[in-house]
Each structure stands twice: as structure tokens, then as C-alpha cells.
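Visitor: I would like a close look at one part of this model, the charged side chains and their partners. Please place that part in the rest of the protein as well.

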Amino acid sequence: MNPTPAPTDALPLLNGKWVLAYTSFSELFPLLATGNLRPLVKVEEISQTIDSENFTVQNSVQFSGPLATTSLTTNAKFEVRSPKRVQIKFEEGIIGTPQLTDSIVVPENVEFFGQNIDLSPFKGLITSIQDAASSVVKTISGRPPLKIPITNSNAQSWLLTTYLDEDLRISKEMGAVSLC
């Protein structure tokens with residue numbers, strides 16, 4: 001039923017931004033579990049952008065918090081290795097410049113590890129902390145993103161695409177990514 005049995009022979013179909021809808025990749029579970037820390041940190045989106053003309057891949061995680069949003073990104077090159085598999089070589093990591101949120105709202109209470117915590121007695125303290133943190137974020141937000149070159153030859157993985165059409169891609173990404 002796969003309309004594209006050899007995805008690497010149809011590279012233009014791989015082009016674009018692919019948003020993660022489901023994963024069984026256990027290494028992502030701690031990242032996805034940050035949803036339990038709401039409203040402190042929330043994973044907004046995990047995506048992969050593929051440019052088949054330039055043979056590049058960009059993996060990105062967008063985070064938001066009560067004061068700012070930011071992202072962690074990796075840039076990589078890829079090579080076609082089989083009709084379904086590409087080899088990915090990571091070149092750099094990028095820590096995005098925090099961007100201030102439009103409005104800061106302090107909730108009346110927050111659920112933290114299953115406990116409901118009333119924040120109203122701490123409203124004044126939280127406002128002072130927010131003002132200080134907002135000042136820091138304003139200072140940082142004018143700076144360019146932090147780019148970290150990845151020179152380790154072990155920073156590689158492969159991407160096996162088992163299903164591909166214009167709207168859906170099912171892939172498995174595996175590899176030994178170790179940074180020293």
C-alpha cells in the first residue's frame with residue numbers, strides 16, 4: 001500500500017518540514033515528559049526539515065515557558081545509501097535566542113508532579129522574579145543564536161523511511177550519536 005516504495009528515488013517528496021506526531025524513540029521521552037512541568041516548560045513542536053536539493057536535514061525542538069520561547073536545532077548533511085535509507089552527518093547544534101512572550105500570566109495554581117500548588121500567596125514574589133527574569137531575557141534576546149560546531153565523526157545517524165506520501169512520512173532514525 002506504500003505509494004513510494006523507494007523514497008530516496010523520490011527525493012522531492014521528502015522536501016519540507018515534517019512535524020513529529022508520534023514516536024516510540026525512548027530517548028525522546030524525557031524531553032516530551034517536560035509537559036509534566038507545565039506551566040514552566042512546554043515542548044511546542046518537534047520537527048525535521050529536509051532539503052533534498054542541498055542534501056540537508058534540520059532537526060528542531062521548540063520550547064516555551066512563562067517568560068520566553070526558544071529552540072534547540074541541529075543541522076546536518078545527508079547521503080543516499082539505499083532506496084529507503086539516508087546517512088545523516090551532524091554539523092552543528094544551535095541554541096536559539098530566547099524571545100520574550102507577549103504577556104506573562106501567573107496562574108492561581110499549578111500542578112507539579114501530581115500535586116496542586118496554590119500560587120496566590122507567592123504572587124508578589126513571583127512578580128519580582130518575573131521582572132528580573134524578563135530583564136535578563138530582554139538582554140539575551142538581542143544576541144545571535146549560539147552555534148556549536150559538531151566535529152566528532154561519530155555524530156551520525158541514519159534515517160530509514162518505510163512509508164512516504166505527500167502528507168505522511170513514517171521513518172526510523174537510529175545511530176550512534178556521541179559527542180565528546
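Which side chain meets that of Arg 81 in a salt bridge, and what is the N to O distance?

Guide: The model is predicted. The partner of Arg 81 is Glu 79, and their side chains meet in a salt bridge at 2.9 Å, N to O. Arg 81 counts as partly exposed because its relative accessibility is 44%, between the limits of 20% and 50%. Glu 79 falls in that class too, with a relative accessible area of 46%.

A search of the whole structure finds three salt bridges. Another of them joins the side chains of Glu 45 and Lys 17, at 2.7 Å from N to O. This pair links distant parts of the chain: Glu 45 belongs to strand 2 and Lys 17 to strand 1 (residues 16–19), with their positions 28 residues apart in sequence. Lys 17 counts as exposed at 51% relative accessibility, whereas Glu 45 counts as partly exposed at 23%.

Lys 42 forms a salt bridge with Glu 44, and here the closest N and O atoms are 4.0 Å apart. The cut-off for a salt bridge is 4 Å. Lys 42 is partly exposed, at 32% relative accessible area, and Glu 44 is partly exposed at 44%.

Glu 44 has further partners. Its place is in strand 2, which covers residues 42–51. The side chain of Glu 44 also makes a polar contact with the side chain of Ser 64, at 2.5 Å. Leaving aside neighbours within four places in sequence, Glu 44 is in contact with Gln 62, Phe 63 and Ser 64. From Glu 44 to Thr 70 the C-alpha distance is 9.9 Å, with the two residues 26 apart in sequence.

Now the setting. The protein has three helices and eleven strands, and along the sequence they follow the pattern α-β-α-β-β-β-β-β-β-β-α-β-β-β. Of its 180 residues, 29% count as buried. The accessible surface comes to about 11,400 Å², and carbon and sulfur atoms account for 58% of that area. Among contacts between residues at least 6 apart in sequence, 56% join residues at least 24 apart.

The largest nonpolar core has 14 residues, and those with the most contacts inside it include Leu 14, Ile 50, Phe 78 and Leu 159. Two or more residues each come from helix 1 (11–14), strand 4 (68–80), strand 5 (85–95) and strand 10 (156–164). Strand 5 gives the most, with three residues. Outside its neighbours within four places in sequence, Ile 50 is in contact with several residues, among them Leu 14, Phe 78, Leu 159 and Arg 169.

Strand 10 also holds Thr 162, a partly exposed residue with a relative accessible area of 38%. Thr 162 touches Asn 2 and Ile 170, not counting residues up to four places away in sequence. The C-alpha atoms of Thr 162 and Thr 4 are separated by 8.8 Å, although the two residues are 158 apart along the chain.

Nonpolar side chains appear on the surface as well. Leu 72, Ile 95, Leu 146 and Ile 148 form a patch there, with about 330 Å² of accessible area together. Of these, Ile 148 lies in strand 9 (residues 146–149) and is partly exposed, at 39% relative accessible area.

Note on methods:
Residues are numbered from 1 along each chain as its sequence is written. This is a predicted model: local features need pLDDT of at least 70, side-chain atom pairs count only at pLDDT 80 or more; totals for chains, interfaces and linings use all residues. Side-chain values use heavy atoms; hydrogens and water are left out. Patches are made of residues with over 30% relative accessible area and no salt bridge: like charges are joined within 9 Å, nonpolar side chains (Val, Leu, Ile, Met, Phe, Trp, Tyr) within 5 Å. Accessible areas come from the Shrake-Rupley method with a 1.4 Å probe; for residues, only the protein chains shown count as cover. Helices (H or I, at least four residues) and strands (E, at least two) are DSSP runs, numbered from the N terminus. Buried means under 20% relative accessible area, exposed over 50%, partly exposed in between (1.4 Å probe, protein chains only). Contact means heavy atoms within 4.5 Å. A polar contact is a pair of N or O atoms within 3.5 Å; within protein, one must be able to donate a hydrogen and the other to accept it, and residues adjacent in sequence count only if both atoms are side-chain atoms. A nonpolar core is a set of buried Ala, Val, Leu, Ile, Met, Phe, Trp, Tyr and Cys residues joined through side-chain atoms within 4.5 Å.
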